[in-house]
Amino acid sequence: QQTKWLQDGMRLRVSKLDDQPLLVQVPQKAAFEVTEAPSAAATGGDNTQFVALEHGERIRAPQYIEVGERVLVYTADGTFAGRPND
């Protein structure tokens, strides 16, 4: 499930036993660029919208998020976690 949040260069935590990997953990949050977001008028007054990220996944994000912004995503469940500088 969390493999869809992997990125090139991402630091992973690997637990080993006798030099054999047992568990690979991705970071709790990862940053992605928004490639698609509806206009504010298209959300119909809802405070959230679905946006597409650079690797094709879609998440629900606040209405103020726009194309070109970077957002943080919780890798455990794919939910919006804020902006990288928040």
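In the predicted model, strands E3 and E6 run antiparallel and are joined by five bridges. Within this pair, Ala31 is found opposite Leu72 of E6. Strands of a sheet pair through backbone hydrogen bonds, and this pairing may be either parallel or antiparallel.

On its other side, as the strand order E5-E4-E3-E6-E7 shows, strand E3, which covers residues 29-36, pairs with strand E4, residues 48-53, again in the antiparallel sense but over two bridges. Here Val34 faces Leu53 of E4 as its opposite residue. Strand E4 in turn pairs with strand E5, residues 58-62, in the antiparallel sense, and five bridges are found between these two strands. Two of the positions involved can be named: Val51 stands opposite Ile59 in E5, and Ala52 has Arg58 of E5 as its bridge partner. In a regular strand the side chains alternate between the two faces of the sheet. Strands E4 and E5 form a hairpin with four residues between the strands, and in this hairpin Gly56 takes a positive phi near 100°.

A second hairpin is formed by E6 and E7, also with four residues between the strands, and Gly78 in its turn has a positive phi of about 75°. The pairing of E6 with E7 is antiparallel and extends over three bridges, with Val73 placed opposite Phe80 in E7.

Taken together, these pairings give an open sheet of five strands in the order E5-E4-E3-E6-E7, with antiparallel pairing. Strands E5 and E7 (79-82) stand at the edges of this sheet, and because each of them has a single partner strand, one side of each is left without a neighbour in the sheet. When direction is ignored, neighbouring strands of the sheet are turned by 60° against each other on average.

Two loop residues illustrate contrasting surroundings. Thr75 lies in the loop between strand E6 (70-74) and E7, and this residue is classed as buried because its relative accessible area is 2%, which is under the limit of 20%. If neighbours within four places in sequence are left aside, the residues in contact with Thr75 are Gln2, Trp5, Val26, Pro27, Gln28, Lys29 and Ala30; one of these, Lys29, belongs to the residue range of strand E3.

Glu54, by comparison, is located in the loop between E4 and E5. With a relative accessible area of 44%, Glu54 falls between the limits of 20% and 50% and is therefore described as partly exposed. Apart from neighbours within four places in sequence, Glu54 is in contact with Phe32, Glu33, Thr35 and Arg70. Glu54 and Glu36 are 18 residues apart along the chain, while their C-alpha atoms are separated by 8.7 Å.

At the surface, Leu6, Leu12, Val14 and Val24 make a nonpolar patch of about 310 Å². One member of this patch, Leu6, lies in the segment before strand E1 (13-17). Leu6 has a relative accessible area of 40% and is partly exposed; since a patch residue must have over 30% relative accessible area, this value is consistent with the place of Leu6 in the patch.

Definitions and conventions
Residues are numbered from 1 along each chain as its sequence is written. This is a predicted model: local features need pLDDT of at least 70, side-chain atom pairs count only at pLDDT 80 or more; totals for chains, interfaces and linings use all residues. Side-chain values use heavy atoms; hydrogens and water are left out. Two strands pair if DSSP finds at least two bridges between them. Patches are made of residues with over 30% relative accessible area and no salt bridge: like charges are joined within 9 Å, nonpolar side chains (Val, Leu, Ile, Met, Phe, Trp, Tyr) within 5 Å. Accessible areas come from the Shrake-Rupley method with a 1.4 Å probe; for residues, only the protein chains shown count as cover. A salt bridge is a side-chain nitrogen of Lys or Arg within 4 Å of a carboxyl oxygen of Asp or Glu. Buried means under 20% relative accessible area, exposed over 50%, partly exposed in between (1.4 Å probe, protein chains only). Axes are lines fitted to C-alpha atoms, for helices over the stretch in contact, and angles run from 0 to 180 degrees between N-to-C directions. Contact means heavy atoms within 4.5 Å.
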